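Here is a set of short exercises on one protein model. Try each task first, then follow the solution step by step.

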Amino acid sequence: MQKVNEFEWRNGMYLIPLHCHEGIINYIMKGDPIGGFLTAIVENDLMGAYSRADDINRNALGNYCTFLYNYAPANCHGSFDKRERWQASGGVTGRPCPRCEKPMGSGRICNCSSAKFR
Ligand SMILES: [Zn+2]
């Protein structure tokens, strides 16, 4: 199946158990910290995820795989390093621009600075 863009990932949220929606959404959008189970999930750590899962998540491991593979932004999951980079860069929204403090988005370039140098 083809990968959807970084905003259409929300179409896959039906796959995620409700009690993990907030954690997943804030992680993808802003790179917010996540708990041990979700950390293992996005780091591609099957044994870690299984051992930390509650009953609902244990039964939904396949759904998480489908969500990550078919819907989630490619850079937000797959390894420890990818998880670290995703969180450090502020997710889809991006970190605030050092000049105007608006979120810089996935392009990591702010319009305020490009306007200045035009
Ligand atoms: Zn700016």
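**Exercise 1. Is Asp-54 buried or exposed, and where does Asp-54 lie?**

Solution. Start with the count. Asp-54 has 12 other C-beta atoms within 10 Å. The cut-off for exposed is 12 or fewer. Therefore Asp-54 is exposed. Now place the residue. Asp-54 is found in the loop between α3 and α4 (55-58). Next, look for a partner along the chain. Phe-37 is 17 residues apart from Asp-54, and their C-alpha atoms are separated by 8.7 Å. Keep in mind that this model is predicted.

**Exercise 2. How many helices and strands does the protein chain have?**

Solution. Go through the elements from the N terminus on. They run α-α-α-α-α-α-α. That gives seven helices and zero strands. Now turn to burial. The protein chain has 118 residues, and 24% of them count as buried. Last, take the contacts with a separation of 6 or more. Residues 24 or more positions apart account for 48% of these.

**Exercise 3. Which residues of α1 are buried, and what do they pack against?**

Solution. Step one: list them. Ile-24, Tyr-27 and Ile-28 are the buried residues of α1. Step two: look around the axis. The three cover an arc of only 90°, so they sit on the same side of α1. Step three: find the partner. The buried residues of α1 pack against α2. Step four: see what comes after the helix. Gly-31 follows α1 and has a positive phi, near 75°.

**Exercise 4. Do the same for α5: which residues are buried?**

Solution. Tyr-64, Phe-67 and Leu-68 are buried in α5. Seen down the axis, these residues fall within an arc of 90°, so they line one face of α5. Their packing partner is α2.

**Exercise 5. Which elements give two or more residues to the largest nonpolar core?**

Solution. Begin with the members. The core holds 20 residues. Those that touch the most other members are Ile-24, Ile-28, Leu-38, Ile-41, Phe-67, Ala-72 and Cys-76. Then sort by element. α1 (21-30), α2 (36-42) and α5 (61-70) each give two or more residues. The most come from α2, with four residues. Now zoom in on one member. Leaving out residues up to four places away in sequence, Ala-72 touches Trp-9, Ile-28, Phe-67 and His-77. A general rule fits here: in soluble globular proteins, nonpolar side chains tend to be buried together.

**Exercise 6. Where is Cys-20, and is Cys-20 buried or exposed?**

Solution. Cys-20 is found in the segment before α1. Count the neighbours: 21 C-beta atoms lie inside 10 Å of Cys-20. The cut-off for buried is 20 or more. So Cys-20 counts as buried. Then check contacts, leaving aside neighbours within four places in sequence. Cys-20 is in contact with Leu-38 and Asn-57. Cys-20 and Asn-57 are 37 residues apart in sequence, yet 8.8 Å apart in space, C-alpha to C-alpha.

**Exercise 7. What sign does phi have in Asn-44 and in Glu-101?**

Solution. Recall the background first. Most residues other than glycine have a negative phi. Now take Asn-44. Its phi is positive, about 65°, although Asn-44 is not a glycine. Asn-44 is in the loop between α2 and α3 (46-52). It is partly exposed, with 16 other C-beta atoms within 10 Å. Move on to Glu-101. Its phi is also positive, near 70°. Glu-101 lies in the loop between α6 (80-88) and α7 (111-116). With 11 C-beta neighbours inside 10 Å, Glu-101 counts as exposed.

**Exercise 8. How many residues apart in sequence are Pro-33 and Gln-87, and how far apart in space?**

Solution. Locate Pro-33 in the loop between α1 and α2. Pro-33 has 11 C-beta neighbours inside 10 Å, so it counts as exposed. Now compare the two separations. Along the sequence, Pro-33 and Gln-87 are 54 residues apart. In space, C-alpha to C-alpha, they are 7.4 Å apart. Finish with Gly-36, which lies in helix α2. Gly-36 is partly exposed, with 13 other C-beta atoms within 10 Å. Gly-36 and Ala-49 are 13 residues apart along the chain, and their C-alpha atoms are separated by 7.8 Å.

Note on methods:
Residues are numbered from 1 along each chain as its sequence is written. This is a predicted model: local features need pLDDT of at least 70, side-chain atom pairs count only at pLDDT 80 or more; totals for chains, interfaces and linings use all residues. A nonpolar core is a set of buried Ala, Val, Leu, Ile, Met, Phe, Trp, Tyr and Cys residues joined through C-beta atoms within 7 Å. Two residues are in contact if their C-beta atoms, placed from the backbone, lie within 7 Å. The arc is that of the directions from the helix axis to the C-beta atoms.
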